[in-house]
Amino acid sequence: MSKKFSLLKVFFIACVVLVLSSGVVYAANLDLNFRLVNRSGMMIYRLYLSPSEFSKWDWDNDEIVGDGFPVGIGNSMNINMSNNAERMKFRHWDMRVIFRDGKYWEFHNINLSKIKTITINVDGRGIDDLGKYYNSTKPK
């Protein structure tokens with residue numbers, strides 16, 4: 001009876017180790033790439049993304065740069081987050097969209113690991129491809 005119990009215990013521990021190790025691999029390889037669609041009625045000149053758990057913006061590291069800026073009204077741009085291994089550890093992100101006139105809108109707690117598109121609308125709200133709305137701050 002104790003031999004059977006020992007085998008069961010070893011099997012259980014092996015399963016726990018397997019599940020935990022696969023979770024670590026998954027967390028380190030999150031797909032955070034998405035498409036930004038501009039329906040705001042204003043030209044987007046800059047985009048900043050910061051992990052939601054951070055309380056302050058790191059202006060040097062949070063700016064997203066690419067060939068697609070500025071993003072014109074009605075246009076879209078693919079945002080590639082996979083070029084930075086440190087970024088791929090976080091699921092939830094805050095986004096600051098800066099417009100041509102320097103005003104900006106911020107959107108908070110966007111789960112980039114689950115979405116493929118976010119659309120910035122003229123009403124100051126964002127909506128992702130899963131139908132979740134994100135209210136923004138009004139232009140400042």
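## A guided tour of the strands, core and ring contacts

Begin with the open sheet, which is built from 5 strands in the order β4-β1-β7-β8-β9, with mixed pairing. Select β4 and β9 (133–135) next: these strands stand at the edges, each with a single partner strand, so one side of each has no neighbour in the sheet. Viewed across the sheet, neighbouring strands are turned by 20 degrees against each other on average, with direction ignored. The model under inspection is a predicted one.

Remain at the β9 edge and select strand β8, residues 125–128, which pairs with β9 in the antiparallel sense over 3 bridges. To locate the register, display G126, which stands opposite Y134 in β9. Then add the side chains of R125 and Y133: the charged end of R125 sits over the ring of Y133, 4.0 Å from the ring centre.

Move now to β5 (92–99). This strand is mostly covered, as 7 of its 8 residues are buried. Two strands may be displayed with β5. The first selection is β2 (44–51), which pairs with β5 in the antiparallel sense over 7 bridges; here L49 stands opposite M95 in β5. The second selection is β6 (104–111), which runs antiparallel to β5 and is joined to β5 by 6 bridges. In this pairing H92 stands opposite N111 in β6.

Follow the chain from β5 into β6: the two strands form a hairpin with 4 residues between them. Select G102 in the turn, where phi is positive at about 90 degrees. Beside this hairpin turn to R96 and Y104; the charged end of R96 sits over the ring of Y104, 3.8 Å from the ring centre.

The next selection is the largest nonpolar core, which has 26 residues. In soluble globular proteins, nonpolar side chains tend to be buried together. Display L36, L47, L49, I79 and M95, the residues with the most contacts inside this core. Two or more residues each come from β1 (34–39), β2, β4 (76–79), β5, β6 and β7 (117–121). Of these, β5 gives the most, with 4 residues.

Which residues surround L47, once its neighbours within four places in sequence are left aside? Select L47 and display its contacts: L36, D62, E63, I64, F69, I79, M95, R96 and V97.

Finish with the aromatic rings, which form 3 pairs. Select F54 and F90: their ring centres are 5.4 Å apart and their planes stand at 75 degrees, so this pair is edge-to-face. F54 lies in the loop between β2 and β3 (63–64), whereas F90 lies in the loop between β4 and β5, so the pair ties together parts that are 36 residues apart in sequence. Colour the two by accessibility: F54 is partly exposed, with a relative accessible area of 42%, while F90 is buried at 17%. Adding W93 to the selection completes one aromatic cluster of F54, F90 and W93.

Last, select F99 and W105, an edge-to-face aromatic pair with 5.0 Å from centre to centre and 75 degrees between the planes. Are these rings buried or exposed? F99 is buried, with a relative accessible area of 2%, and W105 also counts as buried, at 3% relative accessibility.

Methods:
Residues numbered from 1 in each chain as written. Predicted model: local features only at pLDDT ≥ 70, side-chain atom pairs only at ≥ 80, totals over all residues. Heavy atoms only, no water. Core = buried A, V, L, I, M, F, W, Y, C linked by side-chain atoms within 4.5 Å. Buried < 20%, exposed > 50% of the residue type's maximum accessible area, 1.4 Å probe, protein only. Contact = heavy atoms within 4.5 Å. Pairing = 2+ DSSP bridges. Axes fitted to C-alpha atoms, helices over the stretch in contact; angles between N-to-C directions. Phe/Tyr/Trp six-rings, centres within 6.5 Å; stacked < 30°, edge-to-face > 60°. Lys NZ or Arg CZ within 6 Å of the ring centre and 35° of its normal.
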